[in-house]
Each structure stands twice: as structure tokens, then as C-alpha cells.
Amino acid sequence: MIVEIDLSQNIKNKMTYIKIKEIRERRNITKEYIAIQMEISIKKYNEIEKGNVDLKISKLKQIGVVLNVLICDFF
């Protein structure tokens, strides 16, 4: 079965943001490292982890690549 994902869809589930932080901390990866890899400011990445932005799935995919996890691990 093939599942299509709309990469323009926004993530608004607070648990997703919590999972991002949990996985990052478990892997001992700094916020700074992820921000650099994503080519965004540390301030912007902090806003992502706090859930203060509507995160597009395409950005979530980028975070997954940096953390070496599948996008489904965030849900």
C-alpha cells in the first residue's frame, strides 16, 4: 500500500513537538546541531520544540533525517 503525504500540511499536535525534543535528548544531539543542519536559526528551532510554530511535514522530515528516525516516530 502506498500512502501519499501532503508536505504542505501543518503539524499542530503538541505531542509531536514533545517527541521531537525527547528523541533529540535521547540521542544527545544539541538544538544548535539540528538548527545548523536544517539551516535555520537556533531561535527558530527552539520555537519548533516549544510548539510555537505550525510545523510543515517537510520540516518534520528534515528533523527526522538529522535525528536518523522515520517521520512516523514523531507520532
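What covers the buried residues of α3? The cover includes α1 (14-26), α2 (31-38), β2 (55-56) and α4 (57-67). This report starts from that helix and works outward. The model is predicted.

## The chain in outline

The chain holds four helices and two strands. Read from the N terminus, its elements follow the order β-α-α-α-β-α. Of its 75 residues, 31% are buried.

Many contacts link distant parts of the sequence. Take the contacts with a separation of 6 or more: residues 24 or more positions apart account for 67% of them.

## Helix α3 and its buried side

Helix α3 spans residues 42-50. Its buried residues are Y45, I48 and E49. These three lie on the same side of α3, because they cover an arc of only 95° around the axis. The elements that cover them include two helices before α3, α1 and α2, along with β2 and α4.

G51 follows α3. The phi of G51 is positive, near 80°.

## Where α1 meets α3

How do the axes of α1 and α3 lie, in distance and angle? They come within 7 Å and cross at roughly 120°. The two helices are therefore oblique to each other. An angle counts as roughly perpendicular from 65 to 115 degrees and as roughly antiparallel over 145, so this crossing falls between those two classes.

Both helices bring several residues to the contact. From α1 come K14, Y17, I20, K21 and R24. From α3 come Y45, I48, E49 and K50. By class, the contact has four nonpolar residues, five charged residues and no polar ones.

## The nonpolar core

The largest nonpolar core has 17 residues. Those with the most contacts inside it are I20, Y45, I48, I63, L67 and F74. Helices α1, α2, α3 and α4 each supply at least two residues of this core. Helix α4 gives the most, with four residues. In soluble globular proteins, nonpolar side chains tend to be buried together.

I63 shows how the core is joined up. Leaving aside neighbours within four places in sequence, I63 is in contact with I20, M38, Y45, I48, L55 and F74. Two of these partners, Y45 and I48, are also among the buried residues of α3. I63 itself is buried in α4. The other buried residues of α4 are I57, L60, G64, V66 and L67. Just after α4, N68 takes a positive phi of about 60°.

## R24, a buried charged residue

Is R24, in helix α1, buried or exposed? R24 counts as buried, because its relative accessibility is 7% and the cut-off for buried is under 20%.

Which residues does R24 touch, not counting those up to four places away in sequence? They are I29, T30, K31, I34, Y45, E49 and L67. Y45 and E49 belong to the buried set of α3, and L67 to that of α4. R24 and L67 are 43 residues apart along the chain. Their C-alpha atoms are separated by 6.6 Å.

## The loops around α2

The loop between α1 and α2 contains both I29 and N28. I29 is buried, with a relative accessible area of 16%. N28 is exposed, with a relative accessible area of 70%. I29 touches R24, I34, V66 and L67, again not counting residues up to four places away in sequence. In sequence, I29 and V66 are 37 residues apart. In space, they are 9.2 Å apart, C-alpha to C-alpha.

Most residues other than glycine have a negative phi. N28 has a positive phi, near 55°. E39 has a positive phi too, near 60°. E39 sits in the loop between α2 and α3. At 74% relative accessibility, E39 counts as exposed.

## In brief

Helix α3 buries Y45, I48 and E49 on one side. Y45 and I48 are among the residues with the most contacts inside the largest nonpolar core. R24 in α1 touches Y45 and E49, among others.

Technical notes: Residues are numbered from 1 along each chain as its sequence is written. Side-chain values use heavy atoms; hydrogens and water are left out. Buried means under 20% relative accessible area, exposed over 50%, partly exposed in between (1.4 Å probe, protein chains only). The arc is that of the directions from the helix axis to the C-beta atoms. Contact means heavy atoms within 4.5 Å. Axes are lines fitted to C-alpha atoms, for helices over the stretch in contact, and angles run from 0 to 180 degrees between N-to-C directions. Angles under 35 degrees count as roughly parallel, over 145 as roughly antiparallel, 65 to 115 as roughly perpendicular and the rest as oblique. Ala, Val, Leu, Ile, Met, Phe, Trp, Tyr, Cys and Pro count as nonpolar, Asp, Glu, Lys and Arg as charged, and the others, Gly among them, as polar. A nonpolar core is a set of buried Ala, Val, Leu, Ile, Met, Phe, Trp, Tyr and Cys residues joined through side-chain atoms within 4.5 Å.
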